[in-house]
2 protein chains.
Amino acid sequence: MLIKYDHPTRILLALDCIIFGFDGEELKLLLVKRNIEPEIGKWSLMGGFLNEGEDLEVAAERILYERTGLKEIYFEELQTFGKVNRDPVERTVSVCLFSLINIHAHNPDAAKAQNAYWINLKNRPNLIFDHNEMVNLAIERLRYKAALHPIGFELLPEKFTIPQLQKLYEAIYDMPLDRRNFSRKILSTGLLIDTGEKNENSITKKAILYRLDQEKYQKHFNAFLNFMPDVSLS
Amino acid sequence: MLIKYDHPTRILLALDCIIFGFDGEELKLLLVKRNIEPEIGKWSLMGGFLNEGEDLEVAAERILYERTGLKEIYFEELQTFGKVNRDPVERTVSVCLFSLINIHAHNPDAAKAQNAYWINLKNRPNLIFDHNEMVNLAIERLRYKAALHPIGFELLPEKFTIPQLQKLYEAIYDMPLDRRNFSRKILSTGLLIDTGEKNENSITKKAILYRLDQEKYQKHFNAFLNFMPDVSLS
DNA sequence: TAAAATTGTGTGAAAATAACACGTTTTTAG
DNA sequence: CTAAAAACGTGTTATTTTCACACAATTTTA
């Protein structure tokens with residue numbers, strides 16, 4: 001009976017989180033201005049290390065909770081990054097997470113405590129290590145998934161209007177969409193339930209507030225729906 | 001300046017490979033009957049450990065080469081598995097790879113030397129550790145990707161006929177497809193080039209041999225194409 | 001009170017899809 | 001030598017989906 005494998009290499013395992021948010025106008029990333037070594041003062045993703053006796057998935061949930069104060073948020077594995085010199089301190093392999101949260105559910109005080117800020121995707125700062133590469137891959141993944149799966153709702157409040165949803169999609173793909181076709185396509189999925197309320201915050205005509213049919217959402221999540229016209233996913 | 005991170009947990013990192021092949025009739029997996037500890041005599045995926053000073057991606061290529069004798073084959077990361085007790089010998093996190101190869105390019109002697117066998121997907125044996133879970137996820141991924149991307153060609157020889165391609169898709173989705181619609185859909189992608197030759201191995205009418213337009217293939221790989229009718233991806 | 005901004009719904013042309021028919025090539029049975 | 005059987009290639013048509021654009025309704029502001 002083996003006690004240990006006869007292999008010399010044991011490695012520090014990190015988890016890094018790419019957390020997307022949407023403020024109604026622009027896509028944002030939750031980034032941290034580092035107040036710890038290494039690379040103090042520079043910007044990075046938020047992360048942590050896998051603990052002894054902790055499942056990888058549990059570690060992911062823990063770190064997301066520590067960093068956002070939120071539980072049961074949407075996340076999936078993006079990719080595992082393992083270049084030898086990706087971290088100058090010591091060799092670290094990083095399991096990179098891709099997460100979507102409702103920006104308004106996020107406590108700004110919690111962010112301050114972490115030295116974290118919501119930064120517009122379009123004018124994000126340079127990040128340390130291979131974090132830029134991670135973010136680029138995450139944007140690609142977001143565009144891919146949102147075109148086929150009803151993933152966008154994760155970024156919106158519980159009640160939302162179709163024009164708000166459209167603005168989100170326009171932000172994700174950085175392109176204008178036809179209002180009438182978008183509305184029909186979204187409604188035809190049957191995932192939206194009319195709450196009977198209207199968006200009283202609006203300055204002009206108040207749009208209908210919908211909520212997600214959670215049951216259908218869970219059930220049809222993987223039945224791809226082609227939300228986008230003519231998206232050539234690069 | 002930090003020398004090492006102040007964190008106690010360093011872990012063995014494995015790579016496990018799910019290698020799909022197609023023999024013209026059925027989908028197959030390259031599995032190994034273990035002649036090493038642990039779990040000697042049982043079936044498992046093929047894998048290896050990440051080495052000191054070796055990029056994760058390089059390790060993936062190395063292990064795939066060691067196990068198949070093939071270079072430059074299609075692979076991507078499937079997922080990283082990290083349950084605490086997934087490996088009874090010692091804690092191991094496994095980066096799981098998803099690979100497609102042309103079964104006829106694979107040297108049977110190399111397989112024998114590895115104690116590896118091509119096993120029909122449908123009657124595969126029980127596998128050790130969490131390898132069953134990995135295979136199930138890989139099948140899901142294969143179905144997902146093949147419905148949207150021209151990934152199936154990776155499983156075929158350089159020259160192939162449309163009926164052969166159709167049989168592959170029928171094997172992947174385990175459902176019959178209309179010959180005429182399938183043919184038109186595939187040809188309309190413009191990815192196939194008529195070689196002018198015919199499949200002389202056929203026992204009946206000899207079908208046209210096509211080859212892949214490599215340039216278009218690379219370029220359009222991510223421009224999803226909807227190869228399948230009515231696939232509700234579960 | 002009219003203009004401006006925004007929202008909801010409708011309509012017809014074009015394109016994609018699905019269901020189905022027919023003719024051709026090749027081997028095999030007699 | 002011939003007819004039947006099997007597999008392949010292409011065509012047709014109805015249906016569905018998508019796209020581009022029009023119009024009416026609601027609400028605030030000038």
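A:R10 stands opposite B:L12, which sits in β1(B). That is one position in a strand pairing across the two chains. β1(A) runs antiparallel to strand β1 (residues 10-22) of chain B, over three bridges. Pairing here requires at least two bridges between two strands, as found by DSSP. Strands are DSSP runs of E with at least two residues, helices are runs of H or I with at least four, and both are numbered from the N terminus.

Ground rules next. This is a predicted model, in which local features need pLDDT of at least 70 and side-chain atom pairs count only at pLDDT 80 or more, while totals for chains, interfaces and linings use all residues. Residues are numbered from 1 along each chain as its sequence is written, chains are lettered from A and ligands numbered from 1 in the order in which they are written, and side-chain values use heavy atoms, with hydrogens and water left out.

Now the protein interface. In chain A, 46 residues are in contact with 45 residues of chain B. Contact means heavy atoms within 4.5 Å. The two chains bury about 4200 Å² between them. Carbon and sulfur atoms account for 59% of that. Buried area is the accessible area, with a 1.4 Å probe, that two parts lose on being put together, summed over both.

What polar links cross the interface of chain A and chain B? The rule finds three salt bridges there. The criterion is a side-chain nitrogen of Lys or Arg within 4 Å of a carboxyl oxygen of Asp or Glu. B:K4 forms a salt bridge with A:E90, and the closest N and O atoms are 4.0 Å apart. Between chain A and chain B, 24 residue pairs are in polar contact, both residues at pLDDT 80 or more. A polar contact is a pair of N or O atoms within 3.5 Å; within protein, one must be able to donate a hydrogen and the other to accept it, and residues adjacent in sequence count only if both atoms are side-chain atoms.

Which elements of chain A touch chain B? β1 (10-22), β5 (74-81), β6 (92-100) and α3 (131-148) of chain A each supply at least two residues to that side. By class, that side of chain A divides into 22 nonpolar, 13 polar and 11 charged residues. Nonpolar covers Ala, Val, Leu, Ile, Met, Phe, Trp, Tyr, Cys and Pro; charged covers Asp, Glu, Lys and Arg; the others, Gly among them, are polar.

On to the DNA, strand C. There are 18 residues around DNA strand C, and A:R180, A:T204, A:K205, B:R180 and B:I203 come nearest. Near means one heavy atom of the residue within 4 Å of the molecule or strand. Of the strand C atoms within 4 Å of the protein, 51% belong to sugar or phosphate, and the rest to bases. B:R180 has a polar side-chain atom 2.6 Å from a base nitrogen of DNA strand C. For A:K205, a polar side-chain atom lies 2.8 Å from a base oxygen of that strand. For B:K205, the distance to a base oxygen of DNA strand C is 3.0 Å, again from a polar side-chain atom. α5 (179-188) of chain A and α5 (179-188) of chain B are the elements giving two or more residues to this surface. The largest share, four residues, comes from α5(B). The surface near DNA strand C has 10 charged, five nonpolar and three polar residues.

Strand D. Here 19 residues surround DNA strand D, with A:R180, A:I203, B:R179, B:R180 and B:T204 coming nearest. Sugar or phosphate makes up 50% of the strand D atoms within 4 Å of the protein, and bases the rest. An N or O atom in the side chain of B:R179 is 2.8 Å from a base nitrogen of DNA strand D. A:K205 places a polar side-chain atom 3.4 Å from a base nitrogen of DNA strand D. B:T204 has one 3.0 Å from a sugar or linking oxygen of DNA strand D. Which element gives the largest share of the surface near DNA strand D? α5(A), with five residues. That surface counts 11 charged, five nonpolar and three polar residues.

One sheet in chain B. Three strands form an open, antiparallel sheet in the order β8-β10-β9. β8 (159-160) and β9 (192-198) of chain B are at the edges, each with a single partner strand, so one side of each has no neighbour in the sheet. β9(B) pairs antiparallel with β10 (residues 208-212) of chain B over four bridges. Within that pairing, B:D194 stands opposite B:Y210.

Last, backbone details. A cis peptide bond joins A:E37 and A:P38, with omega about -5 degrees. A:P38 lies in the loop between β2 (27-33) and β3 (43-44) of chain A. In chain B, the bond from B:E37 to B:P38 is cis, omega near -5 degrees. A:D174, in the loop between α4 (162-173) and α5 of chain A, has a positive phi, near 50 degrees, and is not a glycine.
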